[in-house]
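Q: Hi! I have a structure open and would like to talk it through. Could you help me find my way around?

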Amino acid sequence: KFRLCSCDAESLPAHEIGWVLEHVDEGLPSNRKRGKIMRSSLEPSGDTMRTTQMVISELNSRECFDFDLLADPAVMYRLSLRHPVKAEGETNVQSFRFIRRGGTWMEDTSNAFTSWRTQLVRDKVGTVEEPKVVFSVVAGASGSLEVV
């Protein structure tokens, strides 16, 4: 389980921002671009798909933010997450985007031609905190070690 923390957000350097939350302001002009989008032929990896589904499940089942979102399902939110991935001695940043529409979080499949993208207003930024797991080891009555 992770926590989206807005603590000290004003003082975070750009490279330490792990998430950005925006909402759609319908009072702003919507996108009027027209064109044809070329989609990548690359399929997301199994790890990417599992991560996406895990985040969606967490967002929909509990409060992941350290503040309250507006409960009104008519308010549409967009969440961008950045996650460092270590592979072959290098750390790369993988980005994930989600939207809350009708009160339910889902993967954001919008593109530059999506009308509401020009209506996004930044609400908050912060860091992704992952729980620290601490184990204690004690000697059992039989002399074996027990993890508690």
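A: Happy to help; below we go through the sheet, a loop and a pocket.

Q: Before we start, what sort of model is this, and how are residues numbered?
A: This is a predicted model, in which local features need pLDDT of at least 70, side-chain atom pairs count only at pLDDT 80 or more, and totals for chains, interfaces and linings use all residues. Residues are numbered from 1 along each chain as its sequence is written, and side-chain values use heavy atoms, with hydrogens and water left out.

Q: Thanks! What is the strand order in the open sheet?
A: Going across, the order is β1-β6-β2-β3-β4-β5, six strands with antiparallel pairing. Strands here are DSSP runs (E, at least two residues), helices are DSSP runs too (H or I, at least four), and both are numbered from the N terminus. Two strands pair if DSSP finds at least two bridges between them.

Q: Which strands sit at the edges?
A: β1 (3-5) and β5 (104-107), each of which pairs on one side only. Neighbouring strands of this sheet are turned by 35 degrees against each other on average, direction ignored. For that angle, axes are lines fitted to C-alpha atoms (for helices over the stretch in contact), and angles run from 0 to 180 degrees between N-to-C directions.

Q: How many bridges join β3 and β4?
A: Eleven, with β4 covering residues 90-101. One pair to click on is L81 with its bridge partner F96 in β4. The β3-β4 hairpin has two residues between the strands, and E88 there takes a positive phi near 50 degrees.

Q: And what about the hairpin of β4 and β5?
A: That hairpin also has two residues between the strands, and G102 takes a positive phi near 65 degrees. β4 and β5 pair over four bridges, and F98 stands opposite E107 in β5.

Q: Back to the other side: which residues stand across from H23?
A: In β3 the bridge partner of H23 is Y77, and in β6 H23 stands opposite V121. β2 (residues 19-24) is joined to β3 (residues 77-87) by five bridges, while β2 and β6 pair over six.

Q: How does β1 fit in?
A: β1 pairs with β6 in the antiparallel sense over three bridges. L4 has V128 in β6 as its bridge partner.

Q: Changing topic: where is S110, and what does its side chain contact?
A: S110 is in the loop between β5 and β6 (120-129). Its side chain makes a polar contact with the side chain of D108 at 2.7 Å, and another of 3.1 Å joins the side chains of S110 and R117. A polar contact is a pair of N or O atoms within 3.5 Å; within protein, one must be able to donate a hydrogen and the other to accept it, and residues adjacent in sequence count only if both atoms are side-chain atoms.

Q: Which residues does S110 touch further along the sequence?
A: Not counting residues up to four places away in sequence, S110 touches W116 and R117. Contact here means heavy atoms within 4.5 Å.

Q: Last one: which element gives the largest share of the lining of the second largest pocket?
A: β3, with four residues. α1 (46-61) and β3 each supply at least two residues of that lining.
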